Amino acid sequence: SLDPEIYCRFMQTDMQVEDKPFEWTEKLKIILQNFSIMPENKRPDVLLIPDDMIMNIAYHEILHIQKNGSDWNPYFIYTTNKQIPIMPHGSIKGDYFEYDIMEMADTAVKLLLDIICEKENESEIIYIQPRHFHVV
């Protein structure tokens, strides 16, 4: 059994919507450095990162850690978006899920128009499926 105190790390517990530099970048680097020095049988072999900006910083920090002699090479699972690809397409080992921002916007506008026109919606929940990519 994996101890969440060791493997679940939060850089910031509350969502903040402010236009200022990332305050969690240094915390992320420390988390990754701590993971990299764990014994091989204890350190995570998969990183689940649900944000492409965080993924970009994490990936480059791991490259830096590897450049300094670490053999830690985790598998990544992360999200990205089609219109603003922050990470190079298909260059990172792992699985990623690509969301189409235009599809989200189009769906939101159609839903809003349906509400304005008082149309009945088939469901209160709308699913927008991302495209899945697997990179070896």
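I will go through the sheet, one helix and some of the salt bridges of this structure, which is a predicted model.

The sheet comes first. It is open and has four strands in the order β1-β2-β3-β4, and the pairing is mixed. At the edges stand β1, residues 46-49, and β4, residues 131-135; each has a single partner strand, so one side of each has no neighbour in the sheet. On average, neighbouring strands are turned by 20° against each other, direction ignored. Strand β3, residues 94-99, runs antiparallel to β4, and five bridges join the two. In that pairing, Asp-95 is opposite His-134 of β4. Helix α3, residues 52-67, packs on the sheet, where it touches β1 and β2, and its direction makes about 140° with that of β2.

Next, helix α4. It covers residues 101-116, and with 16 residues at 1.5 Å each it should span 22 Å; the C-alpha atoms at its ends are 22 Å apart, so expectation and model agree. The N-terminal end of α4 is capped by Asp-100, which has a side-chain oxygen 3.0 Å from the backbone nitrogen of Met-102. After the helix comes Glu-118, with a positive phi near 55°.

Now the salt bridges. How many does the structure hold? There are five, and I will take three of them.

One is again in α4. Asp-106 pairs with Lys-110, with 3.1 Å between the closest N and O atoms. The two are four residues apart in the helix, which means a separation of about one helical turn. In general, an α-helix has 3.6 residues a turn, so residues three or four places apart point the same way. Asp-106 is partly exposed at 38% relative accessibility, and Lys-110 is partly exposed at 49%.

Another involves the capping residue. Asp-100 forms a salt bridge with Lys-82, the closest N and O atoms being 3.9 Å apart. Lys-82 sits in the loop between β2 and β3, and Asp-100 in the loop between β3 and α4, so this pair ties together parts 18 residues apart in sequence. Lys-82 is partly exposed, at 45% relative accessibility.

The last is between Arg-43 and Asp-71, at 2.8 Å from N to O. Arg-43 is in the loop between α2 and β1, and Asp-71 in the loop between α3 and β2, so the pair links parts that are 28 residues apart in sequence. Which of these two side chains belongs to a buried residue? Arg-43 does: its relative accessible area is 13%, and buried means under 20%. Asp-71, at 55%, is exposed.

Conventions: Residues are numbered from 1 along each chain as its sequence is written. This is a predicted model: local features need pLDDT of at least 70, side-chain atom pairs count only at pLDDT 80 or more; totals for chains, interfaces and linings use all residues. Side-chain values use heavy atoms; hydrogens and water are left out. The expected span of a helix is 1.5 Å times one less than its number of residues. A polar contact is a pair of N or O atoms within 3.5 Å; within protein, one must be able to donate a hydrogen and the other to accept it, and residues adjacent in sequence count only if both atoms are side-chain atoms. Two strands pair if DSSP finds at least two bridges between them. Axes are lines fitted to C-alpha atoms, for helices over the stretch in contact, and angles run from 0 to 180 degrees between N-to-C directions. Contact means heavy atoms within 4.5 Å. A salt bridge is a side-chain nitrogen of Lys or Arg within 4 Å of a carboxyl oxygen of Asp or Glu. Buried means under 20% relative accessible area, exposed over 50%, partly exposed in between (1.4 Å probe, protein chains only).
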